[in-house]
Amino acid sequence: MTTRVGIIGAGWMGVTHAQAWQNNVPRGEIVAVADVSEARARDVSERFAGGRARLHPDLEALLGDPAVEAVDICLPHHLHRPSILAAAAAGKHVLCEKPLCLSLAEAREIKSAIDESGITFMSAHNQLFTPSLVEARQLLAEGTLGKTYLARSTEAGRNTGFKTGQPPVALAPGASSWSWRLDKMQTGGGEVLDTGWHGAYRLLALADSRPVEVTAMLANFYLPELEGEDTGVVLVRFESGMIGLLVTSWAFPNAPDGWSFQVSAERGSIAGHARKLVHAPYGQPAPAERTFEPVHTFTREVTHFLDVIQAGEPGQATWEHAARVLQVILGAYTAAAERRTVALPEDPTELG
Ligand SMILES: NC(=O)c1ccc[n+]([C@@H]2O[C@H](COP(=O)([O-])OP(=O)(O)OC[C@H]3O[C@@H](n4cnc5c(N)ncnc54)[C@H](O)[C@@H]3O)[C@@H](O)[C@H]2O)c1
């Protein structure tokens, strides 16, 4: 079975997702690409679809293409909501880059559109497929560590792109990947809603429990040209009692230990990053270590999307997951602005 996809947005993520789709041939096939820059759309078609994908100037034209069964949305943040709504109305399955959208009201609209159309929606949470995280979640689910007390999730890197204007990957002519990120109307916030989204869904995946309250401090240390923050420290309490800490930044890289996540629990602790997972049961002389070859998490994300569409597997990054991430981050923004702790109701589209 082959799912025919149209990629909308042929910039940094458009190129990266196109590579992932190509790696999933023959289960997936890129049949159309849309971008306001025709050069970019053509470049993606030539590099990842043998030049056979049809080129479209915009989403509407791509959605009118009868060959397209699913869309992969790789557009700036303010375009996520209208693109998801239009794709759902056209009956196309949706894989959409993070964040889900810009507000909880938008999230509600998206939920209605998904429910009414019956399409499959998946948020592009590629780092869920990092092997160390997959294994850590398994260990936690088996109860090996006992009750979890604290989870830390770090997503940080010194972002020189805004200073140098360099594209993050080789791109055909078109707008800079950094230009729209300077504008809060297009990003919906700052670093926390952008790169911090990865750290937030990782924290929620480790917690496997509903977040119930959040507080945060934001700062801008390095990128005064940004309207929003370049750094966020977010504290979350979960229904299970676990406390979560998200540290995310474009001002500084991860600490020298490089851990993307650390969990302290009743019977031991774990720490992981892209290449390693360490499990230290308390009272044992040496921790157990596993190393991993680097994987292209975007390829695994597309494989999972295909598993959901083609084989009916349960989705790991559904609207429910993405809306919960949005609730935590927008709750963190409110908490920082009002210098308080914000309650997170059971309905992910509400804030206390
Ligand atoms: N998962 C990750 O690691 C990761 C990394 C980077 C970006 N992202 C996400 O990917 C999305 C895109 O970011 P990016 O860095 O690829 O941006 P980008 O600027 O590199 O690419 C966006 C592309 O969309 C095109 N575009 C803009 N408006 C359009 C319109 N109305 N119609 C058609 N095309 C249009 C632009 O010409 C550009 O080619 C964002 O949601 C971002 O948060 C995710």
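This is a guided tour of a predicted model, with a suggestion at each stop of what to select next. Residues are numbered from 1 along each chain as its sequence is written, and side-chain values use heavy atoms, with hydrogens and water left out. Because the model is predicted, local features need pLDDT of at least 70 and side-chain atom pairs count only at pLDDT 80 or more, while totals for chains, interfaces and linings use all residues.

Begin with the whole protein chain, which has 11 helices and 15 strands; these are DSSP runs numbered from the N terminus, helices being H or I of at least four residues and strands E of at least two. The radius of gyration, taken over C-alpha atoms, is 20 Å, close to the 20 Å that the globule rule gives for 352 residues, so the chain is as compact as a globular protein of that length. That rule is 2.2 Å times the number of residues to the power 0.38.

Next, colour domain 1 (3-126) and domain 2 (128-292 + 319-343) separately, bearing in mind that such bounds come from an automatic or database domain assignment. Their centres, taken over C-alpha atoms, are separated by 25 Å. The contact, meaning heavy atoms within 4.5 Å, takes 27 residues from domain 1 and 33 residues from domain 2.

Now look at what the two domains bury between them, about 2,500 Å², with 66% of it on carbon and sulfur atoms; buried area is the accessible area (1.4 Å probe) that two parts lose on being put together, summed over both. In domain 1, select Trp12, Arg40 and His125, which lose the most area to domain 2 and together make up 28% of what that side buries.

Then select Asp194 and Lys98, which form a salt bridge whose closest N and O atoms are 3.0 Å apart; the term stands for a side-chain nitrogen of Lys or Arg within 4 Å of a carboxyl oxygen of Asp or Glu. Between domain 1 and domain 2 the count is 2 salt bridges.

Stay with Lys98, since the next stop begins there. The peptide bond from Lys98 to Pro99 is cis, with omega near -10°, and Pro99 lies in the loop between β5 (93-96) and α5. Another cis peptide bond joins Val25 and Pro26, with omega about 10°, and Pro26 is found in the loop between α1 and β2 (28-34).

Finally, select Asp208, which has a positive phi of about 50° although it is not a glycine, and which lies in the loop between α9 (196-207) and β8 (211-219).
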